[in-house]
Amino acid sequence: LMEWCASHFGDGGEGRGEGFRFDVLLAGDVLYKEGLPGLFFQSVETTMAVGGALYLCHVPRAEVTHEVVLEAANAAGMDVERVDKFGEGEGEMRVPPDAKEEDAVRARIYKITRK
């Protein structure tokens, strides 16, 4: 995999990987300050394939609430479905030993697709 990535994207030089889109994008705890949600969804628009999906785990930080994330996704023309069911009688939340339990409780997992 590392070899394939290097052959397609190299060291990030101009034009490398341009136009390449992914069926599945994964992101966790990346929206931690104001201004990032809009930029993040611009990147999602340019890297997610038609019919693709982004799985985003978001933990509210600073002023980036769940509502802010949902608004930014909607403004970018995305559909959002909450896919975690913790606290609703489905699934079991397992928190890694080095994670803060309070963050795990506040976290939500979303499946985001194009409208």
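This briefing covers the nonpolar core, helix H3, a surface patch and a few single residues of the structure above. The model is a predicted one. Its largest nonpolar core holds 17 residues, and a nonpolar patch of about 430 Å² lies on the surface.

**The nonpolar core**

- In soluble globular proteins, nonpolar side chains tend to be buried together.
- Among the 17 residues of the largest nonpolar core, those that touch the most other members are Phe40, Phe41, Val44, Leu54, Leu56, Met78 and Ile112.
- Two or more residues of this core come from each of these elements: strand E1 (22-28), helix H2 (36-47), E2, helix H3 (66-75) and strand E4 (108-114).
- Apart from neighbours within four places in sequence, Met78 is in contact with Phe41, Val44, Glu45, Met48, Ala73, Ile112, Thr113, Arg114 and Lys115.

**Helix H3**

- Four residues of H3 are buried, namely His66, Val69, Ala72 and Ala73.
- These buried residues line one face of the helix, because they fall within an arc of 130° when seen down the axis of H3.
- An α-helix has 3.6 residues a turn, so residues three or four places apart point the same way.
- Glu71 and Ala75 are exposed, on the other side of H3.
- The cover over the buried residues of H3 includes H2, E2, strand E3 (78-82), helix H4 (101-106) and E4.
- After H3 comes Gly77, which has a positive phi near 80°.

**His66**

- His66 belongs to helix H3.
- The relative accessible area of His66 is 6%, and the cut-off for buried is under 20%, so His66 counts as buried.
- Leaving out neighbours within four places in sequence, the contacts of His66 are His58, Pro60, Arg106, Ala107, Arg108 and Tyr110.

**The surface patch and Tyr55**

- Val24, Leu26, Tyr55, Val83 and Ile109 make up the nonpolar surface patch of about 430 Å².
- Tyr55 is part of strand E2, which spans residues 48-58.
- With a relative accessible area of 32%, Tyr55 is partly exposed.

**Glu81**

- Glu81 sits in strand E3.
- Glu81 counts as partly exposed because its relative accessibility is 45%.
- Along the sequence, Glu81 and Tyr55 are 26 residues apart, while their C-alpha atoms are 9.7 Å apart in space.
- Beyond neighbours within four places in sequence, Glu81 is in contact with Ile109, Tyr110 and Lys111.
- Ile109, one of these contacts, is also a member of the nonpolar surface patch.

Conventions: Residues numbered from 1 in each chain as written. Predicted model: local features only at pLDDT ≥ 70, side-chain atom pairs only at ≥ 80, totals over all residues. Heavy atoms only, no water. Patch = residues over 30% accessible without salt bridge, like charges linked within 9 Å, V, L, I, M, F, W, Y side chains within 5 Å. Areas by Shrake-Rupley, 256 points an atom, 1.4 Å probe, with all protein chains shown as cover. Salt bridge = Lys/Arg side-chain N within 4 Å of Asp/Glu carboxyl O. Buried < 20%, exposed > 50% of the residue type's maximum accessible area, 1.4 Å probe, protein only. Core = buried A, V, L, I, M, F, W, Y, C linked by side-chain atoms within 4.5 Å. Contact = heavy atoms within 4.5 Å. Arc of directions from axis to C-beta.
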